[in-house]
Structures are given as C-alpha cells and as structure tokens.
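Dear colleague,

I am handing over the structure we spoke about, and below it you will find my notes on what was found. Please keep it open beside you as you read.

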Amino acid sequence: MKIYIDDGSTNIKLQWVDGGEVKQSISPNSFKREWAVAFGGQQAYNYMLNGEQYSFDAISPEAVVTTNVAWQYSDVNVVAVHHALLCTGISPQDVSIVVTLPLAEYYNKNNQPNEDNIRRKKDNLMRAVELNGGKTFNICSVEVMPESIPAGFDVVKDLNELDSLLIIDLGGTTLDVSQVMGKMRGISRIFGDSSLGVSLMTSAVKDALSVARTKGSSYLADDIIIHRNDEAYLASRINDTSCVTLVREAMNEAHGRLVNRVIEAVSRFEGYSHVMVIGGGAELIADAVRDHCAVREERFYKTNSSQFDLVNGMYLIG
C-alpha cells in the first residue's frame, strides 16, 4: 500500500486508496515523553523509540514542541507519522510512504534539491517504532516531495504556458511560497521561511493563557485560534474569564504581525496570473493575500479543506 503523507509540524495529513475509494485522515501532533495510563476500554498509544517513551496527549503542557524545523528529522516526527497511520484504521502492514519537506529544507541556496536533507528525512522515517501491546507499520520505502508545489498541480496543468500560479503555503512552522509555470513546465521562483508560521500566534496565545491561569498544550492554543470568534467557546476554555479580552487582544496582535510578515514575503514575487493559498494557516491570511495580489476573483483559489490541498496534490501527481 502506498500512502501520501503531509507530515506538518501541527497536524499529519494522509491520503490513500482503499478498495478503489480515496480516503483522507488528519492526526494532531501532541506527544509527551512518558507513557499514558489506559482507562476503561480506551487504547493508550504508548510508543518507544531510541530509548525514549512517548504517548499521545492532546492537553498536556509538557507536550514536545514540534514547531521548529528540527521536527522534520526528529524522533517525535517518526512517532507522529506512525500514530497517524494507526489512527487511519488501516491494519498495520508493509507500506510505502511519500512525505514532504519545507522548501527551505528541500532546496539548497542554489534552488537545487538538497540531497543531504532529503536522505536525512528518508533515513529518519525508516526507523522502526514500538507500540506497547500492539503492532506498528513497517515502512518499506520513503519518497520525499517539496511542500506547497504539488498542491497546485490540479490548477497548473490547465493553465496557459504564459500563466503562472503563486502558491502560498502557511503551516504551523513554515511559510513556503512558490511560483509555478503553466502546464507544470517548471518553477519560476521559490521562497521558504522556516521561522514563520501559525506558531507565531500559538506562542502568543499560550503566553496569554498562562496569565489567564489556563496553562495548556499547543494543541489547545491552536483550537482557541480556530474558535477565536466564538465568545462562548473562549469563555468555556479560559479559566479566568476576566482575561478573555486579554487573550483575544494578544491573539489579534499576533495575527496582525503574522499577516504583515506573510505579505512582506509575497511582495518578493511578480508576474503571476493566478494565486492559491493553502495550509493550516490559510484561513488566517486568505483575505489579506487576496487584497494584496489583486488578481481576478476567479483566479484566486482557496478550498474549504486547505489543510488537505498539499497531500491531495501529492496523490494526484503520484
């Protein structure tokens, strides 16, 4: 079985074919360095890798930080991929996987594939993971694709040769921008920032939550960002309700800084005819990017499932 995996720092997105039907799955990254306690009939996902114990925990403030580029080659990346595979419901078996690397990691300073990083990514994921009391998948082979670019395949293949698609991919840790020529004839320009992502907002929200006596995981902070306009939800999640306004203000300020830095990066590009916004942070920047790029409405693309755009493009190419 071949499984396409966008192994982002915040969530793992997967796509595969089962019985002729295309299926998708998403699994959040929130792992702590100790085993969890099983309760009732629920399964505790307790893993062992490289002498360390890991378990999935969506709420622990002690969850391992994954919002950095080192995540791409880390032990917890391997654990997260195996956890995501197990959560698909597919029986553990031999699999071939296709994964991604941010543009700044996939390409070197001369815009050529960085073979060392690609090999490092492959070797990292070929390591076996143990699941306490259970079986894990046997990863037989690993292919690596650059982030953002595959997401535009379905659009670019139908464009005129003189057109080009600007793809802005905002993830949890990285911003990837690529300008792809019509008919997928080549890549005009790329830009990758491994220090700019939704984590800019996540960190600000976590700090504000601490002031509001609500110390939690990055997963909790990201959930609050998703529901940032839901007053009832914010009040239910924040222990000190007198600090709801403080949390909201911190979130809005960080959002403004994030948008400004994304637009600054996008300003480096010119000559594109179409624009696409993808990734977990697409909703946060789509309006500002649309206004800045000023392309015709029918030439601006943002799906209702932005997080799956990359893995779907990988699947279509594969």
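In these notes, a contact means that heavy atoms lie within 4.5 Å. Please also bear in mind that this is a predicted model.

With that meaning of contact, and not counting residues up to four places away in sequence, L14 touches I3, Y4, I5, K23, Q24, S25, A84, L85, T88, F308 and V311. L14 also belongs to the largest nonpolar core, which has 54 residues, and it is one of those that touch the most other members, together with I3, I5, I12, Y47 and I97. Helix α1 gives the most to this core, with eight residues. Apart from this core lies another one of 45 residues, among them L170, L175, L196 and V205.

Next come the sheets. One is an open sheet of five strands in the order β3-β2-β1-β7-β9, and its pairing is mixed. Its edge strands, each pairing on one side only, are β3 (21–28) and β9 (138–146), and from one strand to the next the twist averages 25 degrees. Within this sheet, β2 (residues 11–18) pairs with β3 in the antiparallel sense over eight bridges, and K13 stands opposite I26 in β3. Helix α10 (residues 309–317) packs on the sheet, where it touches β1, β2, β3, β7 and β9, and its direction makes about 150 degrees with that of β1. The buried residues of α10 are D309, L310, V311, G313 and M314, and they pack against β1, β2, β7 and β9, as well as against β10 (164–170) and β13 (274–278).

Another open sheet has four strands in the order β4-β6-β5-β8, with antiparallel pairing. Here β4 (31–32) and β8 (130–131) are the edge strands, each of which pairs on one side only. Strands β4 and β6 pair over two bridges in the antiparallel sense, and the bridge partner of F31 in β6 is F56. Helix α1 packs on this sheet, touching β4, β5, β6 and β8, and its direction makes about 140 degrees with that of β5.

How many salt bridges does a search of the whole structure find? The search finds 15. As background, side chains of opposite charge can pair when their charged atoms come close. In one of these pairs, K2 meets E143, with the closest N and O atoms 2.9 Å apart; because K2 lies in strand β1 and E143 in strand β9, the pair ties together parts that are 141 residues apart in sequence. K2 counts as partly exposed, at 36% relative accessibility, and E143 also counts as partly exposed, at 36%. K32 and E34 form a salt bridge as well, at 4.0 Å from N to O, and both are linked with D57 in a network of salt bridges. K32 is buried, with a relative accessible area of 12%, whereas E34 counts as partly exposed at 45%.

Last, please look at P61, which is found in the loop between β6 (52–56) and α1 (75–86). Is P61 buried or partly exposed? With a relative accessible area of 35%, P61 is partly exposed. Leaving aside its neighbours within four places in sequence, P61 is in contact with K215, G216 and S217.

With best wishes

Notes. Residues are numbered from 1 along each chain as its sequence is written. This is a predicted model: local features need pLDDT of at least 70, side-chain atom pairs count only at pLDDT 80 or more; totals for chains, interfaces and linings use all residues. Side-chain values use heavy atoms; hydrogens and water are left out. Buried means under 20% relative accessible area, exposed over 50%, partly exposed in between (1.4 Å probe, protein chains only). Two strands pair if DSSP finds at least two bridges between them. Axes are lines fitted to C-alpha atoms, for helices over the stretch in contact, and angles run from 0 to 180 degrees between N-to-C directions. A nonpolar core is a set of buried Ala, Val, Leu, Ile, Met, Phe, Trp, Tyr and Cys residues joined through side-chain atoms within 4.5 Å. A salt bridge is a side-chain nitrogen of Lys or Arg within 4 Å of a carboxyl oxygen of Asp or Glu.
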